Structure formats: structure tokens, C-alpha cells
Amino acid sequence: MAQWIWYPGDFELYHSMLLHSRRTEYDHDYPAMWHVSRPEYMCRFLKNVDLDEPVTLTVKAKGKGFVRAEGRFLGGLDQEITLPAGRYEVEVAVLNIETFPAIYCETAPLVTDETWVSDLNDVDPRPVGFEPRFLNLEDDPAVFPFAYQELTPVSAETQEKGVLYDFGVESFGPVTIVRRKEMGEIGLYYGESREEALDTEFTLIREKLEASDEPYTAPARAFRYIYVTSEAGKPEIQAQLEYLPIEDKASFTCDDEALPKIWEICTRAFHLNSREFFLDGVKRDRWVWSGDAYQSYMIDRYLYMEPQIIKRTIRALLDKAPHKRHINTINDYSAYMFLGVQEYYFATDDKTFVASVWEQLKDLYRFITTRLDQETGYVVARPGDWIFIDWHRFDLEGPLCAEQILLHQVYLAMDQLSSLMGESGDYVSRAKCLKERILRDFWDEEKGGFIDSFTSGKRQVTRHANIYAVLYDFADSEKQQQILENVLLNDKIPQITTPYFKLFELMALGQLGQMEQLQDYIDSYWGGMIENGATSAWEEYIPSRSGIEHYQMYGDKYGCSLCHAWGSGPILLLGKYCAGVKPTAIGTETFEVAPHPGRYQHFDAVVPVGEGTVSVRYADGHVTVETDVPGGTLRFAGQEVQIPVGKRVTI
């Protein structure tokens with residue numbers, strides 16, 4: 001089947017370029033603070049064919065150019081060309097300075113598909129890029145194919161200067177205003193909360209329209225509430241939900257009365273942030289952050305198992321060589337790139353994708369390693385670096401322990417990926433030396449955990465490095481138990497307030513078998529959001545706050561995102577640790593189901609596995625499992641049973 005094809009990465013870079021230019025705050029444009037690569041403007045598309053008879057074809061293109069065979073000019077694009085019988089290397093050259101070069105041909109054997117290669121007039125042909133959504137000639141790869149649904153407000157409340165529309169839940173999409181010139185200037189004030197929409201001085205997302213008789217369609221934006229003001233009369237408002245039609249494969253129900261609503265706000269937040277790429281939040285940034293995306297890759301595999309958006313996001317984040325800054329300017333966000341690719345490969349066995357980004361990964365690796373401290377091999381802050389990890393007060397004097405553990409995982413990931421690509425390196429020896437130094441410099445036996453920094457003398461313990469040490473099995477089982485008792489279950493260690501790093505902590509607790517602790521926290525934390533009016537998962541929730549204090553962040557009265565992808569963690573936690581489903585071999589060729597009910601008396605879960613799903617039911621001390629894919633093993637109550645396809649197994 002014919003499809004539009006382009007140079008690999010161009011589609012993602014073009015839409016990333018558009019995306020990162022769309023943010024606005026307080027009536028001002030706010031483009032991304034990091035380098036955003038552009039797509040290539042010139043590309044050659046190549047395919048070898050052996051024709052027994054002449055073929056007449058037309059190559060459609062986005063751009064201008066020509067068709068050539070064996071160096072002989074045949075004609076231009078978008079015109080009928082006859083290719084005589086014979087053996088050829090067919091070349092289609094396209095230049096496009098507005099979007100990016102792309103071609104489409106329906107004539108066999110020159111149908112445009114993944115059998116073509118492309119290059120930049122160099123000696124490095126690469127498999128072409130394509131998206132399954134662009135199969136028809138009338139499709140335009142420069143226009144992202146969202147779906148749309150009409151939205152109806154649940155209420156329209158007359159205010160002093162206009163009408164406040166409430167759409168009931170968090171939404172995202174374009175709004176059309178039908179107006180008349182005598183209405184004068186019209187104001188649009190978008191709010192994730194009622195207070196934000198009505199507080200016109202501090203509303204982050206807002207717009208003023210000059211008097212006109214013409215309808216106006218605003219850019220797609222996030223909202224639950226929209227306050228429309230006018231000098232006279234009441235303009236009509238029409239809103240749409242803009243979304244990707246991705247089907248949930250997962251579900252989870254249990255005897256916990258709070259959980260259905262928690263599942264609902266988490267899935268809504270995740271769907272709204274699943275767009276061209278995985279976004280951080282739909283209101284404020286609407287950018288692609290590697291740390292947010294890393295968690296979204298994991299959640300995707302426990303809700304959709306939809307690989308295309310993962311691949312698009314990775315390509316959008318990987319800058320062109322040579323790298324000059326860390327991804328999003330953040331050291332740890334560069335590290336997550338390697339972990340994300342390695343974990344994606346383990347789940348999918350998609351070697352083709354790894355090969356398509358391998359050279360960029362190697363360049364990013366070279367960039368990271370050239371900025372390490374030459375004496376210790378540690379990650380250290382260089383000019384332009386942002387040592388982040390989380391919104392937390394770390395002891396940042398000298399190397400930070402959490403960064404070093406991530407670097408250790410980068411080495412291990414590079415070792416696995418380089419072996420896959422048929423290459424070798426000193427990754428294992430680097431990892432071994434680094435681990436020895438970390439254990440020597442950062443492990444505090446008296447405190448029973450890893451300290452932030454050894455150079456300041458403060459020997460401060462925070463949760464973050466210790467969570468990594470558990471999550472990535474960096475610490476041995478004895479140290480992990482010490483970390484559990486002295487750090488994770490120690491209320492004297494400052495708590496984590498963002499759902500972002502709280503997800504990592506809850507994963508560590510799940511890995512250590514602390515299921516009831518995990519379940520209680522889901523109820524209290526995400527349940528607390530709901531008690532405060534959440535219709536989707538928030539960027540941050542601090543239980544001690546009340547009222548509009550919950551909406552404060554980054555020095556802005558309404559700076560906290562009330563629809564953030566990293567707040568969707570319970571989807572992953574319930575599928576991976578409570579239902580206990582996880583792959584045990586590359587490509588999910590084998591997987592295990594090892595449920596941990598915790599305090600739930602019964603639950604029913606459906607979890608994506610490879611190309612299918614597995615259903616897990618727990619009740620009255622019995623677990624029943626059924627799946628439509630092979631390779632499953634059920635482990636429960638000290639027993640182990642293979643799971644035949646299409647047959648129920650009970651322990």
C-alpha cells in the first residue's frame with residue numbers, strides 16, 4: 001500500500017518546530033528555551049527496480065524536483081513519466097523550503113513504502129520515514145491528523161462583563177466565536193479552574209479580539225472554563241475537542257471506591273497529553289520534556305501499547321548532531337533518552353527503530369562523556385547545564401549522587417544497544433568503575449542510604465538517589481532493605497510533592513513489595529486532587545494547601561498545570577505491580593503475571609501485552625488469568641503455572 005515517505009525524522013522535527021513555537025502566556029509568545037532542530041529542505045529518495053516491461057507512473061511530492069534513473073533525467077514531479085523495461089536505481093530529488101520533502105507514488109513496483117531509502121546527497125542512505133496515518137494521496141504530512149468532537153458546555157453563567165462557560169471536565173481544542181461588530185472588543189479567558197478563568201488579570205492563557213462581524217477560530221488550547229467578555233451583547237461560542245483516537249487496552253476496577261475516579265482523571269490527563277508527541281501538560285508549556293516523556297513511555301505500555309507516539313517523541317527530542325546542550329538543557333533528561341530507547345526496544349523488539357536513531361544516540365553519548373569530571377568520571381555541572389532531578393532542595397555542592405546513578409544506567413543501556421547494533425565499547429568497564437566510586441563516596445552506612453553530595457560535609461539524605469538505587473537494582477538486596485527502612489518509610493526524610501518523582505518512589509515501593517503503602521498513597525494523593533475538584537491529574541499536589549493555593553506554581557497565581565501527563569502514574573502502578581504484569585524477554589516474547597493484591601479484596605485488570613492483552617482477576621484468595629498471546633507465566637502464592645493462549649488458569 002502506498003504511503004507518504006520522507007527523510008527519517010523530518011516529520012517529527014517539523015511538527016516539533018511548530019509545537020515548540022505555540023506556547024503563550026499573558027498575551028505573549030513563549031517559544032521553547034532550547035535548540036529545536038529543523039527538518040532537511042533537500043532530500044533524495046532511492047529505490048532499485050527490475051522492470052520486465054515499461055511502467056508509466058506519476059510521483060506526487062511536497063516540494064519541487066525531478067525523477068531520474070541511472071543518472072538519466074526522466075521528468076518532473078506531479079507529471080506522467082514512462083520508465084522503459086530494465087534494471088534501474090530510481091532517484092527522486094525533492095526540495096521543500098517551507099515544510100519538508102515528501103513523495104507519494106501508487107504505481108508498482110515503485111509504490112512508496114518502507115522499501116525505499118533516502119539520503120541528503122551524501123553517501124549515507126537511510127530507511128525512509130513514514131507514519132501509518134498518511135496512506136492517501138490527499139493527506140498532507142505537514143498537517144497533523146487530529147480527530148475532532150463537538151463540545152457542549154454544561155453551564156453558561158452570566159457574569160458582570162460576559163459569560164462563563166463550564167465544559168465540565170478538562171478539555172483541549174479550538175474555540176470559534178460568532179460575533180457582531182457592535183459587540184466591540186471581545187476577551188477570551190481560558191481556565192483549568194473557575195477562579196483562573198474569572199481572574200482576568202492573572203489568567204495565563206487569554207486573548208483579545210478586535211470588533212468584527214467575522215467569526216473567529218482561536219488556536220487549540222486547554223480549558224475547562226472559558227470566560228467570554230464583550231462590550232455589548234453575548235457572542236456565541238462553539239468548542240471542539242482535538243484529540244488522537246487511541247483506544248485504551250487497559251482497565252482496572254476493584255473494591256476501592258476511590259479508584260474509578262482516580263483511574264478516570266489519570267486516563268483523561270494521559271489522553272489529552274498524547275498528541276503529536278507526549279506533552280508535559282496541555283495548558284502552560286505544551287512542550288516535549290524528556291523526563292516527562294520517559295514516564296509517558298512507561299504509562300503508554302500499560303494503557304495503549306501504542307509505539308508510534310513513543311517513536312515520534314524520541315525523534316523529536318533527539319537533536320541533530322553535533323549536540324551542544326543537554327536535552328531540554330537538563331543533564332538527567334539526556335540520560336532518560338538512553339533508558340527510554342533501551343526499554344522501548346526490550347518491550348517491542350523494534351531493532352529497525354533503534355538503528356534509525358543510533359547515530360544520534362552515539363553523538364549524544366559522546367557529548368555527555370566529554371563533559372564529565374576527568375578525574376572522577378562524575379557528572380558535574382558545566383556552563384549551560386541544569387541539574388534538575390526534581391523540584392527539590394538538594395545539596396548541589398559537588399557531584400549529585402542521583403545524576404551518577406543515572407549515568408551508570410546510561411552505560412548499561414549503551415552496552416545493550418551497541419551489542420544490538422553489532423558494535424562494542426568500554427561501557428561495562430565504565431559502569432563498573434563508576435559504581436565502585438559511587439558506593440565509596442555516597443553510601444552512608446550510618447544513615448542507611450545514599451547522600452546527595454560528599455563534598456559539602458552536610459551528608460544530606462534525600463529520597464531521589466535512593467529511589468534510583470532501588471528502581472534500577474543499583475543497590476544490592478541488603479542495601480535496598482536499609483533504604484526502605486531508613487529513607488522510603490522514614491517520615492523525617494522530606495517528602496516528594498510532585499507526581500513526577502512520586503511515581504518513581506511508588507515504583508520502588510512496589511518493587512520492594514510495599515503494595516499497601518502504594519495503594520494507600522494512590523488513594524490519599526490522587527484522591528486528594530479529586531476532593532479539590534480535579535477532573536484530570538495535576539502537575540503537583542500539596543495536601544497542606546487549600547483553595548486556590550493549589551493552583552500556584554513557578555511564581556504564578558495559576559501556574560500549576562491541572563492536566564499533566566506525569567500525574568497519570570497509577571495506570572502504570574496498578575498494571576505493573578498490583579496486577580503484576582511485565583515482560584521478561586525482548587519483544588515480550590515471554591511475560592509474567594505476578595499479582596500483589598495488597599489490601600484490595602478483589603480486582604479485575606486488563607493489561608496490554610505485546611500485540612494483545614492479559615486479563616487478571618483476583619477474588620477470595622484466587623487469581624484467574626487469561627490471555628490472547630503466548631509466553632505467559634502466572635506466579636502467585638508460591639506457585640508457578642504456564643498460561644496457554646485462550647484458556648483460563650487459576651491459582
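Which residue forms a salt bridge with Arg371? The close-up views below, all taken from a predicted model, begin with that pair.

**View 1. Arg371 and Asp385 form a salt bridge.** The partner of Arg371 is Asp385, and their closest N and O atoms are 2.5 Å apart. Both residues sit in the loop between helix H7 (351–370) and helix H8 (401–420), so the pair ties together parts that are 14 residues apart in sequence. Have a look at the surroundings too: Arg371 is buried, and Asp385 is buried as well.

**View 2. Glu91 and Arg68 link two strands through a salt bridge.** Here the closest N and O atoms lie 3.0 Å apart. Glu91 belongs to strand E10 (residues 86–95) and Arg68 to strand E7 (residues 64–69), so this salt bridge ties together parts that are 23 residues apart in sequence. Glu91 has a relative accessibility of 8%, and because the cut-off for buried is under 20%, Glu91 counts as buried. Arg68, with a relative accessible area of 26%, is partly exposed.

**View 3. Arg599 and Asp520 meet through their side chains.** This salt bridge spans 2.6 Å from N to O. Arg599 comes from the loop between strand E27 (591–593) and strand E28 (602–609), while Asp520 comes from helix H13 (residues 515–531), so the contact ties together parts that are 79 residues apart in sequence. What is the relative accessible area of Arg599? For Arg599 the value is 27%, which makes this residue partly exposed. Asp520 is also partly exposed, with a relative accessible area of 40%.

**View 4. Five charged side chains are linked in a network of salt bridges.** The members to pick out are Arg23, Glu25, Arg284, Asp285 and Glu539. For the wider setting, a search of the whole structure finds 43 salt bridges.

**View 5. Glu12 is a buried residue of helix H1.** Helix H1 covers residues 10–19, and Glu12 is found within that stretch. Is Glu12 buried or exposed? Its relative accessibility is 3%, so Glu12 counts as buried. Leaving aside residues up to four places away in sequence, Glu12 touches Phe277, Arg312, Arg315 and Ala316. If you are following along in the structure, these four residues are the ones to display around Glu12.

Conventions: Residues numbered from 1 in each chain as written. Predicted model: local features only at pLDDT ≥ 70, side-chain atom pairs only at ≥ 80, totals over all residues. Heavy atoms only, no water. Helix = DSSP H or I, 4+ residues; strand = E, 2+ residues; numbered from the N terminus. Buried < 20%, exposed > 50% of the residue type's maximum accessible area, 1.4 Å probe, protein only. Contact = heavy atoms within 4.5 Å. Salt bridge = Lys/Arg side-chain N within 4 Å of Asp/Glu carboxyl O.
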